[in-house]
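Me: I am new to this structure. Please take me through one part of it closely, and then show me where that part sits in the whole.

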Amino acid sequence: SNQGDLFCIEGTVNLALTVPCSRCLADVRLPIDLEVSEHLPVDEVTHPNRPPEEGAELDTVISSIIHLDQGRPILDLDELLRQLIVAEIPI
């Protein structure tokens with residue numbers, strides 16, 4: 001949703017991964033339920049290639065999910081969701 005100066009990405013992701021067991025290497029079904037809540041400044045989304053201001057940190061989330069297509073920004077959530085899912089997989 002567009003909330004003026006922020007794009008808000010909120011939702012739920014439910015999935016099941018099949019991963020090898022760390023003890024016996026048998027396949028184990030691992031259910032993952034994620035609550036996604038990301039807030040991206042509209043200005044950074046519409047101008048993703050602008051260098052950060054002095055003293056400001058570069059937001060790697062924005063640089064990994066915003067792509068330009070013929071000068072228009074496209075929000076691609078694949079990388080954001082991949083990062084969230086990988087963070088949920090137990091060591």
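Reply: What follows is a close look at the hairpin of S1 and S2, with the rest of the protein around it.

Start with the frame. The model is predicted. The protein has 3 helices and 4 strands. From the N terminus on, their order is β-β-α-α-β-β-α. The hairpin is made of S1 and S2.

Now the two strands. S1 covers residues 6-20, and S2 covers 27-41. They pair in the antiparallel sense, over 15 bridges. One pairing is worth finding on the screen: Val 13 has Leu 34 in S2 as its bridge partner.

Next, the end of S1. Pro 20 lies in that strand. Is Pro 20 buried or exposed? Its relative accessible area is 53%, so Pro 20 is exposed. The cut-off for that word is over 50%. Look beyond its neighbours within four places in sequence, and Pro 20 is in contact with Leu 25, Ala 26 and Asp 27. Leu 30 is 10 residues from Pro 20 along the chain, and their C-alpha atoms are separated by 9.8 Å.

Then the turn itself. There are 6 residues between the strands of this hairpin. Leu 25 has its place in that loop between S1 and S2. What is the phi of Leu 25? It is positive, about 65 degrees, although Leu 25 is not a glycine. Most residues other than glycine have a negative phi. Leu 25 also counts as exposed, because its relative accessibility is 65%.

Cysteines deserve a look here too. Cys 24 is exposed, with a relative accessible area of 52%. Why does its sulfur form no bond with the one in Cys 21? Cys 21 holds the closest cysteine sulfur, but the gap is 3.7 Å, too far for a bond. A disulfide needs sulfur atoms within 2.5 Å. The count of disulfides comes to 0. Cys 8 can be set beside Cys 24: at 7% relative accessibility, Cys 8 counts as buried.

Move from the turn to the core. The largest nonpolar core has 8 residues: Ile 9, Val 13, Leu 30, Ile 32, Leu 34, Val 36, Leu 40 and Ile 85. S1 and S2 each supply at least two residues of this core. The largest share, 5 residues, comes from S2. Some names return here. Val 13 and Leu 34, the bridge partners, both belong to this core. So the pairing can be traced straight into the core, since core residues are buried and joined through side-chain atoms within 4.5 Å.

Ile 85 is in the core list as well, and helix H3 covers residues 78-88. That helix holds a charged pair. The side chains of Arg 82 and Glu 79 meet in a salt bridge, 2.8 Å from N to O. Both residues lie in H3, 3 residues apart, about one turn of the helix. Arg 82 is partly exposed, with a relative accessible area of 43%. Glu 79 is partly exposed too, at 24% relative accessibility. The count of salt bridges comes to 1.

Last, step back to the whole. The protein has 91 residues, and buried ones make up 19% of them. Its accessible surface comes to about 6,900 Å², and 52% of that belongs to carbon and sulfur atoms. Among contacts with a separation of 6 or more, 45% join residues 24 or more positions apart.

How values were computed
Residues are numbered from 1 along each chain as its sequence is written. This is a predicted model: local features need pLDDT of at least 70, side-chain atom pairs count only at pLDDT 80 or more; totals for chains, interfaces and linings use all residues. Side-chain values use heavy atoms; hydrogens and water are left out. Buried means under 20% relative accessible area, exposed over 50%, partly exposed in between (1.4 Å probe, protein chains only). Contact means heavy atoms within 4.5 Å. A salt bridge is a side-chain nitrogen of Lys or Arg within 4 Å of a carboxyl oxygen of Asp or Glu. Accessible areas come from the Shrake-Rupley method with a 1.4 Å probe; for residues, only the protein chains shown count as cover. Two strands pair if DSSP finds at least two bridges between them.
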